[in-house]
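Please open the model in your viewer and keep the selection tool at hand. The tour below goes from one selection to the next and says what is found at each stop.

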Amino acid sequence: QVQLVESGGGLVQAGGSLRLSCAASGTIFSINAMGWYRQAPGKQRELVASFTSGGRTNYADSVSGRFTISRDNAKNTVSLQMNSLKPEDTAVYYCNADIISASFFKNQYWGQGTRVTVSS
């Protein structure tokens, strides 16, 4: 069974940094798009940063220049380095991936979420 497991959330002061990591496990044939979303209280889930299936990166305007997404295809992991954090970055962050399993079943998977709180 395929699953995504996130780590690295926590409490940080404004201006600080955090690094989120996400590992995909299970019987995986290949991973296409992979990235991070977030959901703040009372708001819809939004894209933060992602790798497309072609390997290009996308960033939300609000995090461009502060956040960096990276990926290790050999380890099936994706990370998000978050610098210069702001209180408005406070949210639950979710890892997301389009995965083809070893049985060639394609599906979109979500992690359980990791909370990031930025204090002012």
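How many aromatic pairs does a search of the whole structure find? In this predicted model, the search finds three aromatic pairs.

**Stop one: Tyr37 and Trp110**

Select Tyr37 and Trp110, which form an aromatic pair with an edge-to-face arrangement, the centres lying 5.0 Å apart and the planes making an angle of 65°. This pair links distant parts of the chain, since Tyr37 belongs to strand 4 whereas Trp110 belongs to strand 10 (residues 106-110), with the two positions 73 residues apart in sequence numbering. If you colour by accessibility, Tyr37 comes out as partly exposed because its relative accessible area is 24%, and Trp110 likewise counts as partly exposed because its value is 35%.

**Stop two: Tyr94 and Arg45**

Add Tyr94 to the selection, and you have one aromatic cluster made up of Tyr37, Tyr94 and Trp110. Then add Arg45 and look at where its charged end is placed: Arg45 lies over the face of Tyr94, at 3.7 Å from the ring centre, and its charged end also sits over the ring of Trp110, 4.6 Å from the centre of that ring.

**Stop three: Met34**

Move along to Met34, which is found in strand 4 (residues 28-39). Is Met34 buried or exposed? Met34 counts as buried, because its relative accessibility is 1% and the cut-off for that class is under 20%. Showing the surroundings of Met34, with neighbours within four places in sequence left aside, brings up contacts that include Cys22, Ala24, Phe51, Ile69, Arg71, Val78 and Ala97. Ser50 is also one of the contacts of Met34; a distance drawn from C-alpha to C-alpha between Met34 and Ser50 gives 5.7 Å, although the two are 16 residues apart in sequence.

**Stop four: Arg66**

For the last selection, take Arg66, which lies in the loop between strand 6 (57-59) and strand 7 (67-72). Arg66 is classed as buried because its relative accessible area is 11%. What does the side chain of Arg66 reach at 2.8 Å? The side chain of Arg66 reaches the backbone oxygen of Ser62 at that distance. Beyond the neighbours within four places in sequence, Arg66 is in contact with Gln81, Met82, Asn83, Ser84, Leu85, Lys86 and Asp89, so displaying these residues together with Arg66 shows what falls within the 4.5 Å heavy-atom cut-off.

Key. Residues numbered from 1 in each chain as written. Predicted model: local features only at pLDDT ≥ 70, side-chain atom pairs only at ≥ 80, totals over all residues. Heavy atoms only, no water. Helix = DSSP H or I, 4+ residues; strand = E, 2+ residues; numbered from the N terminus. Buried < 20%, exposed > 50% of the residue type's maximum accessible area, 1.4 Å probe, protein only. Polar contact = N/O pair within 3.5 Å; in protein donor to acceptor, adjacent residues only side chain to side chain. Phe/Tyr/Trp six-rings, centres within 6.5 Å; stacked < 30°, edge-to-face > 60°. Lys NZ or Arg CZ within 6 Å of the ring centre and 35° of its normal.
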